[in-house]
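Let's take a walk through this protein together, one region at a time. Keep the viewer open and follow along as we go.

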Amino acid sequence: MILLIGAGSIGKRHLGNLVGLGARELAVADPREDRRREAAERAQAALEQEEPSRRGQPLRVLTFSSAEEAYAQAGNRFSEVVIATPPPSHPAEIRRAIASGASVFCEKPLATDEESWEELAGLCAEAERARRVALVAYNYRFNTQLIELRRMIREGAVGRVLSVRGAFSENLR
């Protein structure tokens with residue numbers, strides 16, 4: 001089962017992606033009841049948009065008013081935890097997810113202060129040694145245009161680069 005902590009705009013987007021990737025047992029933790037309800041509805045809508053042959057098993061979405069409640073009721077049943085909460089809460093949520101034995105996918109930034117960064121680097125290394133994954137959501141790393149630009153710069157195809165300025169935008173509805 002995958003736990004999504006935070007059902008705001010980006011959390012709901014992650015939820016739809018998870019369903020699209022085949023996840024069928026999900027839990028959503030958010031303090032707002034309207035967000036929990038909308039997340040469950042969106043997950044079902046994402047499933048219904050799948051090709052009938054890809055729908056597979058039925059979708060099950062559990063909702064909780066907090067991550068604490070989710071862990072208390074589900075124990076260590078979460079194989080993965082997706083963290084889509086405000087940045088100041090990321091270190092505590094990452095700690096809790098790794099302690100539960102789950103792999104972690106966290107929105108950026110992982111931390112907002114140096115002390116937390118150092119602690120999280122150690123926790124992520126610990127998770128890796130335990131054969132779990134700890135990733136930060138940095139989707140531009142896989143952007144095909146940026147990969148091509150990086151290749152061109154490394155090969156010297158665009159001359160000596162002194163500065164780069166980019167603007168990226170995406171509709172997050």
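How many bridges join β5 to strand β6, and do the two run parallel or antiparallel? The model you see is predicted, and in it 4 bridges join β5 to β6 (residues 134-137), with the two strands running parallel. To find the pairing by eye, start at Phe105, whose bridge partner in β6 is Leu135. A little further along, Glu107 stands opposite Ala137 in β6. Between the two strands, the chain travels from β5 through helix α5 (residues 114-129) to β6, making a right-handed β-α-β crossover.

Now look at the other neighbor of β5. Strand β4 (residues 80-83) pairs with β5 in the parallel sense, again over 4 bridges. Here Val82 is the residue that stands opposite Phe105. The chain gets from β4 to β5 by way of helix α4 (residues 90-99), and this β-α-β crossover is right-handed. Strand β5 itself (residues 103-107) is mostly covered, with 4 of its 5 residues buried.

Cysteines are worth a look while we are here. Cys106 counts as buried because its relative accessibility is 1%, under the 20% cut-off. A disulfide is a covalent bond between the sulfur atoms of two cysteines. The structure holds 0 disulfides. For Cys106, the nearest cysteine sulfur belongs to Cys124 and is 8.8 Å away. That distance is not within 2.5 Å, the limit for a disulfide, so Cys106 is in no disulfide.

Two backbone details sit in the loops around α5. In the loop between β5 and α5 you will find Pro109. The peptide bond leading from Lys108 to Pro109 is cis, with omega near -10°. In the loop between α5 and β6 lies Arg131. Its phi is near 60°, a positive value in a residue other than glycine. Arg131 counts as exposed because its relative accessibility is 79%, over the 50% cut-off.

Next come the charged side chains. A search of the whole structure finds 11 salt bridges, and three of them make good stops on the tour. In one, the side chains of Lys12 and Glu38 meet at 3.1 Å, N to O. This pair links distant parts of the chain, with Lys12 in helix α1 (residues 9-20) and Glu38 in helix α2 (residues 33-49), 26 residues apart. Lys12 is buried at 11% relative accessible area, whereas Glu38 is partly exposed at 28%. Arg42 joins Lys12 and Glu38 in a network of salt bridges.

Another stop is the pair Asp30 and Arg35, whose side chains meet at 3.9 Å, N to O. Asp30 is buried at 4% relative accessibility, while Arg35 is partly exposed with a relative accessible area of 27%. The remaining stop is Arg151 with Glu155, where the closest N and O atoms are 2.4 Å apart. Of these partners, Arg151 is partly exposed at 35% and Glu155 is exposed at 55%.

Let's finish on the surface. Which residues form a nonpolar patch there? They are Leu149, Ile153, Val158, Val161 and Val164, which together have about 370 Å² of accessible area. To get your bearings, look for Leu149 in helix α6 (residues 144-154). Leu149 counts as partly exposed because its relative accessibility is 34%, between the 20% and 50% cut-offs.

Methods: Residues are numbered from 1 along each chain as its sequence is written. This is a predicted model: local features need pLDDT of at least 70, side-chain atom pairs count only at pLDDT 80 or more; totals for chains, interfaces and linings use all residues. Side-chain values use heavy atoms; hydrogens and water are left out. Patches are made of residues with over 30% relative accessible area and no salt bridge: like charges are joined within 9 Å, nonpolar side chains (Val, Leu, Ile, Met, Phe, Trp, Tyr) within 5 Å. Accessible areas come from the Shrake-Rupley method with a 1.4 Å probe; for residues, only the protein chains shown count as cover. A salt bridge is a side-chain nitrogen of Lys or Arg within 4 Å of a carboxyl oxygen of Asp or Glu. Buried means under 20% relative accessible area, exposed over 50%, partly exposed in between (1.4 Å probe, protein chains only). Two strands pair if DSSP finds at least two bridges between them. A crossover is right-handed if, with the strands pointing away from the viewer, the path from the first strand over the helix to the second runs clockwise.
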